[in-house]
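Let's go through some structural labels together and check each one against its definition. Have the sequence and the 3D view at hand as you read.

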Amino acid sequence: NVANAVDVRAIACRIKSLTNAGVLVSTGNVYIGSSVLFECGTYGLSVTGTGTAVCSGCTITACVSDGVRFGTGGSTTGLSIFHGNMVTDNGGYGFNFVVAAANAVMSNNRTRDNASGAFNGGTGWIAATDYGHITLDTGGPTSDYNAPASQDYRLIASSPAAGAIQPAYASPGAHQLAAGGGGGMSRSRTV
């Protein structure tokens, strides 16, 4: 895991932490792209300081508590962006902004089966900026992921999230493949 870090950038990573958050940023900013944060002992992503977060094209799943916990150490000062993420099957909220005033733009995220619900806090921003949220619930992890018991979190073709976000026909989550024209598979997201 990446713990108590300042100004984190994680791109195309698989992060698992048995005891702590997958990524814990105490000060500064974080960019996480095309990464899988899974089976973390607390949160998938936790931003405790006053920085900002950009989380795009990530899969955050099967964490003990919240998938994303944001703003715990005080009010966040910047505008954060969460786009095209699969935040599912966590023991707490999908996105827990802790305070109503958290500044975040949300678009094209899937938040199925988080034990406490999809969102907490950040109500002003979420209500105004949540676009293209993928909410159809078709069951547990096997309705979205290839083989979650084997830590294979690629989307299956029948997932409601497959091909459901912008840019056209892209899929949320890390390193996703979407059904291509000729029966094969083709990459739908390049970060």
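Q: Why is Asp152 called buried?
A: Asp152 has a relative accessible area of 16%. Buried means under 20% relative accessible area, exposed over 50%, and partly exposed in between, using a 1.4 Å probe and protein chains only. Asp152 therefore counts as buried. This is a predicted model, where local features need pLDDT of at least 70 and side-chain atom pairs count only at pLDDT 80 or more, while totals for chains, interfaces and linings use all residues. Residues are numbered from 1 along each chain as its sequence is written, and side-chain values use heavy atoms, with hydrogens and water left out.

Q: What makes Arg154 and Asp152 a salt bridge?
A: A salt bridge is a side-chain nitrogen of Lys or Arg within 4 Å of a carboxyl oxygen of Asp or Glu. For Arg154 and Asp152, the closest N and O atoms are 2.7 Å apart, so the pair fits. Arg154 has 38% relative accessibility, and that is why Arg154 is called partly exposed.

Q: Which residues are joined into one network by salt bridges that share partners?
A: They are Asp89, Arg110, Arg112, Asp113 and Asp144. In total, the structure holds seven salt bridges.

Q: How do you know that Asp89 and Arg112 form a salt bridge?
A: Their closest N and O atoms lie 2.7 Å apart. The two partners come from distant parts of the chain, 23 residues apart. Asp89 sits in the loop between strand E10 (86-88) and strand E11 (93-96), and Arg112 in the loop between strand E12 (104-107) and strand E13 (117-120). Strands here are DSSP runs of at least two residues and helices (H or I) are runs of at least four, numbered from the N terminus.

Q: Are Asp89 and Arg112 buried or exposed?
A: Asp89 has 18% relative accessibility, so Asp89 is buried. Arg112 has a relative accessible area of 3%, so Arg112 is buried too.

Q: What makes Asp113 and Arg112 a salt bridge?
A: The closest N and O atoms of Asp113 and Arg112 are 3.0 Å apart. Asp113 itself has a relative accessible area of 34%, so Asp113 is partly exposed.

Q: What makes a set of residues a nonpolar core?
A: The set must consist of buried Ala, Val, Leu, Ile, Met, Phe, Trp, Tyr and Cys residues joined through side-chain atoms within 4.5 Å. In soluble globular proteins, nonpolar side chains tend to be buried together. The largest nonpolar core here has 26 residues. Val23, Val30, Ile32, Leu45, Ile60, Phe82 and Phe97 touch the most other members. Strand E3 (23-33) is one of the strands that each supply at least two residues of this core, and E3 gives the most, with four residues. Apart from this core lies another, of 11 residues, including Phe38 and Tyr145.

Q: Why is Val23 called buried?
A: Val23, in strand E3, has a relative accessible area of 0%, so Val23 is buried. A contact means heavy atoms within 4.5 Å, and Val23 touches, among others, Val2, Val8, Ile15 and Leu37, not counting residues up to four places away in sequence.

Q: How many of the residues in the protein chain are buried?
A: Buried residues make up 50% of the 191 residues. The protein chain has one helix and 17 strands.
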